[in-house]
Amino acid sequence: MDFEIANNYAKQIEQGADAELHQKLANMCTSYLLYLRKKLGFHCIPIKEITRELAIDAVSDAIMVQERRNLPFTICLHNTFRDRCRQRVRIIREQNTIGIMGECDIADSSLVIGMGTHAPSAETKVQNAEQIELANAILDNHDRFSKKVIYQKMKGSTYPEMADIFSSTLNECKRVYWHDITHIRKKFGQNYVN
């Protein structure tokens with residue numbers, strides 16, 4: 001691929017050249033993109049997919065990025081092609097995982113690494129709401145300082161931070177927190193055993 005000609009074509013397309021030049025540029029870049037496919041390790045993406053779809057998409061993306069960032073077309077092409085390939089690999093991986101899960105009779109895809117989480121079921125939402133309501137009811141019976149320590153810890157504060165916030169000692173914050181957590185856990189245990 002002649003990088004100088006590619007940069008010139010990209011500038012012409014940016015200034016409003018016709019679709020034929022866009023296709024010509026994509027065809028011209030295909031050999032470079034096949035080289036990048038090998039160099040960057042995207043062997044799972046079929047060559048046909050690159051020649052039919054990814055080359056044109058990467059060229060279009062590169063032209064838009066070039067306009068926005070004022071970089072040479074070839075640098076933008078490298079980056080946009082890499083990003084497009086990463087997206088495609090992610091899709092391939094998810095499709096393969098779903099197929100394997102079907103063969104292995106795995107119903108809950110959240111148990112599989114890389115599958116992400118799905119929205120909780122209605123039953124799970126109700127159960128979570130009940131637990132939150134129970135925890136709030138338990139905390140209502142605790143003194144004010146105790147509630148503040150629990151809520152502050154839930155927000156992610158450390159014991160030294162809580163000692164500063166509440167003008168208390170580090171050990172007092174620890175003691176109150178663990179006393180209350182133990183109490184809440186016992187209450188949860190009682191409510192779910194019955």
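Hi everyone. Before I count anything, one definition: a helix here is a DSSP run of H or I with at least four residues, and a strand is an E run of at least two. With that in hand, the protein has 8 helices and 0 strands. Please keep in mind that what you see is a predicted model.

Let me start with the overall picture. Going along the sequence, the pattern reads α-α-α-α-α-α-α-α. The protein has 194 residues, and 33% of them count as buried. Its accessible surface is about 13000 Å², with 51% of that belonging to carbon and sulfur atoms. For those of you who like contact maps: among contacts between residues at least 6 apart in sequence, 53% join residues at least 24 apart.

Now to the inside. Nonpolar side chains in soluble globular proteins tend to be buried together. In this model, the largest nonpolar core holds 29 residues, and the members that touch the most others are L25, L33, I45, V59, F73, L77 and F81. Which elements give two or more residues to this core? They are α1 (3-14), α2 (19-40), α3 and α4.

Take L25 as a way in. If we leave aside its neighbours within four places in sequence, L25 is in contact with A6, Y9, A10, I13, V59, I63 and F73. There is also a second core, separate from that one, with 16 residues, including A163, C173, I181 and I184.

L25 belongs to α2, so let's stay with that helix for a moment, since its buried residues are L21, H22, L25, A26, M28, C29, T30, Y32, L33, L36 and R37. Helix α2 is 22 residues long and reaches 29 Å from its first C-alpha to its last, close to the 32 Å expected at 1.5 Å a residue. Where is α2 kinked? The kink is centred on T30 and comes to about 40°. T30 is also one of the buried residues of this helix. Just after α2 comes G41, which takes a positive phi of about 85°.

Next, the charged pairs. Side chains of opposite charge can pair when their charged atoms come close. The count for this model is 5 salt bridges, and I'd like to show you three of them.

The first on my list is R84 with D57, whose side chains meet at 3.6 Å, N to O. R84 lies in helix α4 (residues 73-104) and D57 in helix α3 (residues 47-69), so this pair ties together parts that are 27 residues apart in sequence. R84 is partly exposed, at 24% relative accessibility, and D57 is partly exposed too, at 27%.

Then we have D61, which forms a salt bridge with R84, with the closest N and O atoms 2.7 Å apart. Here again distant parts of the chain are linked, with D61 in helix α3 and R84 in helix α4, 23 residues apart. Is D61 buried or exposed? At 17% relative accessibility, D61 counts as buried, because the cut-off for buried is under 20%.

The third pair is R82 with D83, where the closest N and O atoms are 3.2 Å apart. R82 is partly exposed at 22% relative accessibility, and D83 is partly exposed at 36%. As for networks, salt bridges that share partners join D57, D61 and R84 into one.

Last topic: two residues you may want to look at on a backbone plot. N70 has a phi near 55°, a positive value in a residue other than glycine. N70 sits in the loop between α3 and α4, and at 70% relative accessibility this residue counts as exposed.

The other one is S167, which has a positive phi of about 50° although it is not a glycine. Where does S167 lie? It is in the loop between α7 (159-165) and α8 (170-193). With 69% relative accessibility, S167 counts as exposed.

To pull the threads together: we have a predicted model with 8 helices and 0 strands. Helices α1, α2, α3 and α4 each give two or more residues to the largest nonpolar core. Salt bridges join D57, D61 and R84 into one network, and the kink in α2 is centred on T30. Thanks for listening, everyone!

Conventions
Residues are numbered from 1 along each chain as its sequence is written. This is a predicted model: local features need pLDDT of at least 70, side-chain atom pairs count only at pLDDT 80 or more; totals for chains, interfaces and linings use all residues. Side-chain values use heavy atoms; hydrogens and water are left out. A salt bridge is a side-chain nitrogen of Lys or Arg within 4 Å of a carboxyl oxygen of Asp or Glu. Buried means under 20% relative accessible area, exposed over 50%, partly exposed in between (1.4 Å probe, protein chains only). Contact means heavy atoms within 4.5 Å. Accessible areas come from the Shrake-Rupley method with a 1.4 Å probe; for residues, only the protein chains shown count as cover. A nonpolar core is a set of buried Ala, Val, Leu, Ile, Met, Phe, Trp, Tyr and Cys residues joined through side-chain atoms within 4.5 Å. The expected span of a helix is 1.5 Å times one less than its number of residues. The bend at a residue is the angle between axes fitted to the seven residues ending there and the seven starting there.
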